Amino acid sequence: MTSETESAENRTEDRSERRNFVQQRIDADVASGRHGGRVHLRFPPEPNGYPHIGHAKAICTNFGLAKEYGGRCNLRFDDTNPSKEEMEYVEAMREDIRWLGFEWDAEFFASSYFDELYDMAVRLVRKGKAYVCDLPLEEMRRLRGDGSRPGTDSPFRGRSPEENLDLLERMKAGEFANGEKTLRAKIDMASPNMNMRDPIMYRIMHVPHHQTGDRWCIYPTYDWAHGQSDSIEGITHSLCSLEFENHRPLYEWYLEQLDIEDKPQQIEFARLEVAHMMTSKRKLLALVQEGVVSGWDDPRMPTLRGLRRRGYTPSALRDFIHGVGLARFNSTIDIVVLENTLRDELNRTAQRRMAVLRPLEVVIENWPEGRVETIEAVNNPGDESAGTREITMSGRVLIDREDFELDPPKKWFRLAPDKEVRLRYGYAIRCKEVVTDPATGEVTKLVCTYDPESAGGRTSDGRKVKGIVHWVDANAAVRADVRLYDHLLRVAKVEELGDDADWRDAVNPQSLEVVHGAMLEPSLMSAEPGATYQFERVGYFTADTVASKPGAPVFHRTVALKDTWSKIAAKGN
RNA sequence: UACCCCGUGGUGUAAUUGGCAACACAACUGGUUUUGGUCCAGUCAUUCAAGGUUCGAGUCCUUGCGGGGUAACCA
């Protein structure tokens, strides 16, 4: 039983019940035979940054939908602006898509179509539907007007197709400087839709391109490239985010002018926004550059490599995205939903271990001198096939400082003076004496007794021991650093701080806490980097793939366990 | 300001297209439990507002209110 198959099954099951608006559209098209009944999608990232959780939504949606309909999905790098793009990001994207569990049917670059796109532009020029404009940036902006005022025709709008053709060729040949001329579609300067006010198709950029080198010095804009690229690839449904809504008429206009028959359909849906996460490339870059995080793969980052290193699994991410659904409404989902999806999976799959983050020594005074007992511990109570392991117990154990209170609050059923708790898998112990440092008042040691009849969950007289604490054998435990991560943002959204606040104030200054000298069950020493365990009663922890050394893993908290006690404590006090 | 899109529990999505408002998470109650975890049971909305059409409206129409997007030679 892998989580892979399980989540796939869930999806199929859901298919008959809940259909989002995109599925409903595709259902209708398949039924009516539009596009010949084909479903062909594409995922079109611009290679200008590391993929993050937002990309995961688009990836899962496009590849997932294609799979669901038995259709195809291409990977297409939307590389029309070489000044922002790099091969590094192309590689990262490929890697992360595969990690998420998807494979593209074909890979393309928008730049592969530069020749065809140019020929199409020539056709539009010949038809009198495009012209070369000499207006400088500022002037063009002024003449475009704004929402309440119609624009004014460019003085170059009336150039003849012959003149335009000549100028376009010379633009392509590199005769002009950056910004000196543009190719514009001739549509309607009075359109209420700004995108239709003679939008730019080509701009001059004397910049080398990671795919085409210095072959081109004019580059198509997104609008001019996108629909045509879709059409060339035979895309049926072109999914994009909501902010492209106003571009749809232009998308369709170009296809119409080019007499394209089986037109791909642009469908917009809302981006994913997760509270306490940040997906602005600019801001993430700043965090990396300013050393706030250790890199793009820092386990606090919302990047797919950050989440991967943190211990997120592809299936948990897919399940999360699937659960969020698709809509045309901008919403923010709470990060606890993401965390819960992960916990849900890890609860089923992660082996249990014991680890004490902040050790407190417990001496068991009636434990027979020198005796070491071997105890069999279950690896996963919900999965018998996970088997068992052996741990040892001696007269000196370590428990977590959080599990002892000198003056316990109400409903406390952990350890306290003269109170009894059970050591998980081990014996019940009672606290007889508390040793404190006379200088600081800090508790340094507890002296306890144990009930020799209390192995295996019972007690000598049948009394109930409500509290159970995790522990390690002081003589066998191994020392390690453990990193505790918290949300990168201390507020749900950066915008909460107000318009003139510095977004850096939204960053949680305590997103990382390093715990030195945690004591772990010895079996954890052989943990493979990337392996995730549940530290019982504490949370899920992953052996860090970067910081771990052979035989000396460094663990970090992937996600904490649900903590009911903190709620009770908060209410009761 | 103009144009476009969108308003369903605390959150994210459903509602057989005009027919008993459903699912998940969160929260709260209780039960089980050698993890205060898991698991189980239960509780939690007259669908932004007003009006209209209709036997019947979350769904259609009008107006208002609220939120978002756009007004780059970015995508």
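## The surface near RNA strand B

Sorted by class, the surface near RNA strand B comes out as 26 nonpolar, 23 polar and 23 charged residues. Keep in mind that this is a predicted model. There are 72 residues around the strand, and the ones that come nearest are Gly-147, Arg-203, Gly-325, Ser-331 and Gly-457.

Which elements each supply at least two residues of that surface? The helices are α2 (21-32), α6 (137-144), α12 (314-324), α13 (335-349) and α14 (564-572), and strand β6 (200-204) belongs to the group as well. Three of these elements turn up again below: β6 sits in a sheet with β4, β5 and β7, while α12 and α13 meet each other in a helix pair.

## α12 against α13

Let's take that helix pair first. The axes of α12 and α13 come within 9 Å and cross at roughly 135 degrees. The two helices are therefore oblique to each other, and their crossing is right-handed.

On the α12 side, the contact is made by Ser-315, Ala-316, Asp-319, Phe-320 and Gly-323. Facing them from α13 are Val-337, Leu-338, Thr-341, Leu-342 and Glu-345. By class, that contact splits into 5 nonpolar, 3 polar and 2 charged residues.

## The β4-β5-β6-β7 sheet

Now for the sheet that holds β6. It's an open one, with 4 strands in the order β4-β5-β6-β7 and antiparallel pairing. β4 (130-133) and β7 (218-220) are the edge strands; each has a single partner strand, so one side of each is left without a neighbour in the sheet. On average, and ignoring direction, neighbouring strands here are turned by 20 degrees against each other.

At the β4 edge, 4 bridges tie β4 to β5 (residues 182-185), with the two running antiparallel. If you want a spot to look at, Cys-133 stands opposite Thr-182 in β5.

## Helices across the sheet

Which helices lie across these strands? One of them is α5 (residues 114-126), which lies across β4, β5, β6 and β7 and runs at about 100 degrees to β4. Another is α7 (residues 161-173), which also lies across β4, β5, β6 and β7, this time at about 60 degrees to β4.

Helix α5 has a helical partner too. It packs with α8 (residues 222-233) at an angle of about 110 degrees, and the axes are 11 Å apart. That makes α5 roughly perpendicular to α8, and α5 passes α8 in a right-handed crossing. From α5, the residues involved are Glu-116, Leu-117 and Met-120, and they meet Trp-224, Ala-225, Gln-228 and Ile-232 in α8. That contact counts 5 nonpolar, 1 polar and 1 charged residues by class.

## Pairing around β22

Further along the chain there's β22 (residues 512-520). A quick reminder: strands of a sheet pair through backbone hydrogen bonds, either parallel or antiparallel. How many bridges join β21 to β22? There are 7, and β21 (residues 478-485) runs antiparallel to β22. Within that pairing, Leu-484 in β21 has Glu-513 in β22 as its bridge partner.

β22 also pairs with β11 (residues 355-356), again in the antiparallel sense, over 2 bridges. Here Val-356 stands opposite Met-519 in β22. Put together, β22 has antiparallel pairings with β11 and with β21.

Notes:
Residues numbered from 1 in each chain as written. Chains lettered and ligands numbered in written order. Predicted model: local features only at pLDDT ≥ 70, side-chain atom pairs only at ≥ 80, totals over all residues. Near = placed C-beta within 6 Å. Nonpolar A, V, L, I, M, F, W, Y, C, P; charged D, E, K, R; others polar. Axes fitted to C-alpha atoms, helices over the stretch in contact; angles between N-to-C directions. Parallel < 35°, antiparallel > 145°, perpendicular 65-115°, else oblique. Left-handed = near helix turned anticlockwise from the far one by under 90°. Contact = placed C-beta atoms within 7 Å. Pairing = 2+ DSSP bridges.
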